[in-house]
Amino acid sequence: MRPDHGPPGGDGRLRAETEAGFQRGLIAALPGSNTPVLLWPHGRSESPRTPAAPRDLRTDRRGGRRGGAVGLEATLDALLDPATEDAGAARTPVPKLPVVLNDKTDRAAQIRTVGYWWLDRMVQAEHQLHEKLTFFWHGHWATSADKVKSGPLMLGHQQTLARTGLGDFGTMVRAMLRDPALIIWLDGQRNTVKAPNENLARELMELFTLGVGHYTEQDVREGARALTGWVVDTKTGTASLNPKRHDAKPKTILGRTGDFDADGFAALLLDQPASAEFVVRRLWLRYCSDAPIPSATLDEAKRQPTTAAVLRVLLLAGGHAELVKQPVEWLAGALRQLGLRPGELPENQRKQLQSGLNQLGQVPLRPPSVGGWPAGAAWLTTSATQARLKLAQLLAGKAPQPFLDRLGAASQGQRVDALARLLVVDAFTDRTRAALTPAAGDPRKLLALGLASPEYAIQ
């Protein structure tokens, strides 16, 4: 089971688990201050510098104007199909990676370059729905540089996710079965007619397309035969089928028999009713709620031809609930809000951002396993909150003066409320407010605490 396929619970469970996580002893002190900080969860937040986030759309049902669009449906359509080119993406062009000369040193440097670039792209891009969806697919097709060990292949993997993310799922599945990084990650290049390797076939069915309980071990063995013969050329960054290594004999998969190859196997999986439901449930969990999806919403969403159309159904549906921001979402949103561009930071501070994400447990290009990252209250532990506070202090230290001036323009007694407005937090609880108030005299310190607060961790 994927780490983010935990049991549903809804807002009540989330708040209870959040309170428990903080109540177990999150008492931290900012450097130079003896004021203890006990943080308590409540509310949610989105970045005002970020185009309206998917959950954010639900607050605009009265037809308010956002981003040039009027009303909920018009705003959502503008997010799913922007009318203009992404100027932020143009400012963050895909890096050109040189030829690897020193195998170990250059490979590590290239992977860092791709990671730095992707975070910068997430922050700078104007088509934020697309960026968030690309990262969602990264967690779905969880592939790690720890094993792939190639910046160019990981960059190609990311670009494939970005290119196919909004389209029909079948196109994505076929593209991923040819993705060199995924093939290496799941030992596809070792899968031959003489020695079938089942890793890719198993994860393709269990984690990527169907879910547990919708296939048999015999299906895994036969599916592995369909995927035999793919080899990766790391110099060109391409994958190709070697006919001599491929098993061309008939296979029986999911009750059907034929000379199935990778595309034939993919078609079989996509024909299964469980496939559409699996993907819809995954999107619902990440974008809408950890409670079960309403059956009518599920029925409508699974009939849609593209991921963009599925998202439109889900985001217009009822039944949404509070969700915990993933560390990368939290950091990218904070950087956008403060007007900080990772690509313009000194190397040592970019490393600090990556180190902070590592302490939080989520680094782009390095999911912990093929199951991806956890979700929900798993990000709200005491240690995670302390790591967020440390990273928030770095961000507050780099906050531009105009942002601090807006905070400082409020009287000291009103600065906690001013901070809530600047961070677009619905409201701080009395308990969080009590922790923030002693820092009101120091805008940077107050900002750091606000970014680390549980209210800012919930969306």
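Which residues of H16 are buried? Select helix H16, residues 327-338: Pro327, Val328, Glu329, Trp330, Leu331, Ala332, Gly333, Ala334, Leu335, Arg336, Gln337 and Leu338 are buried. Buried here means under 20% relative accessible area, exposed means over 50%, and partly exposed lies in between, with a 1.4 Å probe and protein chains only. Helices (H or I, at least four residues) and strands (E, at least two) are DSSP runs, numbered from the N terminus.

This is a predicted model, in which local features need pLDDT of at least 70 and side-chain atom pairs count only at pLDDT 80 or more, while totals for chains, interfaces and linings use all residues. Residues are numbered from 1 along each chain as its sequence is written, and side-chain values use heavy atoms, with hydrogens and water left out.

**Stop 1: H16 and its end**

Stay on H16, where 12 of the 12 residues are buried. Put a distance label on its end C-alpha atoms, which are 17 Å apart. The expected span of a helix is 1.5 Å times one less than its number of residues. For the 12 residues of H16 that gives 16 Å, which agrees with the model. Now select Gly339, just after H16; Gly339 takes a positive phi of about 75°.

**Stop 2: the whole protein**

Zoom out and colour by secondary structure: the protein has 23 helices and 8 strands. Of its 459 residues, 55% are buried. Contact means heavy atoms within 4.5 Å. Among contacts between residues at least 6 apart in sequence, 71% join residues at least 24 apart.

**Stop 3: the largest nonpolar core**

A nonpolar core is a set of buried Ala, Val, Leu, Ile, Met, Phe, Trp, Tyr and Cys residues joined through side-chain atoms within 4.5 Å. The largest such core holds 123 residues, and Trp141, Leu395, Leu447 and Leu451 have the most contacts inside it. Helix H18 (residues 382-398) gives the most to this core, with 8 residues.

Select Trp141 and show its surroundings. Apart from neighbours within four places in sequence, Trp141 is in contact with His157, Leu161, Phe169, Met172, Val173, Met176, Leu182, Leu204 and Phe208.

**Stop 4: Ala181 in H9**

Go next to Ala181, in helix H9. Is Ala181 buried or exposed? Ala181 counts as buried because its relative accessibility is 0%. Not counting residues up to four places away in sequence, Ala181 touches Thr143, Val148, Leu153, Met154 and His157. His157 is also on the contact list of Trp141. A C-alpha to C-alpha line from Ala181 to Ser150 reads 8.2 Å, for two residues 31 apart in sequence.

**Stop 5: the second largest pocket**

Ser150 leads to the second largest pocket, as one of the residues nearest its centre, along with Val100, Pro152, Thr234 and Lys235. On a 1 Å grid over the protein atoms alone, a pocket is an open set of points where a 1.4 Å probe fits, with protein on both sides within 12 Å along at least five of seven lines; lining residues have an atom within 4 Å of a point. The pocket contains about 370 Å³ of space, where grid points are joined across faces, edges and corners and the volume is the space filled by probe spheres set on the points.

The lining has 18 residues. Helix H4 (103-124) and helix H7 (151-164) are the elements that give two or more residues to the lining, and H7 supplies the largest share, 4 residues. By type, the lining divides into 7 nonpolar, 7 polar and 4 charged residues. Ala, Val, Leu, Ile, Met, Phe, Trp, Tyr, Cys and Pro count as nonpolar, Asp, Glu, Lys and Arg as charged, and the others, Gly among them, as polar.

**Stop 6: two residues of H11**

Select helix H11, residues 217-226. Within H11, Val220 is buried, with a relative accessible area of 0%, whereas Gln218 is partly exposed at 39%. Val220 is in contact with Glu198, Ala201, Arg202, Met205 and Tyr215, leaving aside neighbours within four places in sequence. The C-alpha atoms of Gln218 and Thr252 are separated by 8.6 Å.

**Stop 7: two loops with positive phi**

Select Asp187, in the loop between helix H9 (180-185) and helix H10 (199-209). Phi of Asp187 is near 65°, a positive value in a residue other than glycine. Asp187 is buried, at 10% relative accessibility.

Finish at Val424, in the loop between H20 and helix H21 (430-436). Phi of Val424 is near 55°, also positive in a residue other than glycine, and Val424 is partly exposed at 30%.
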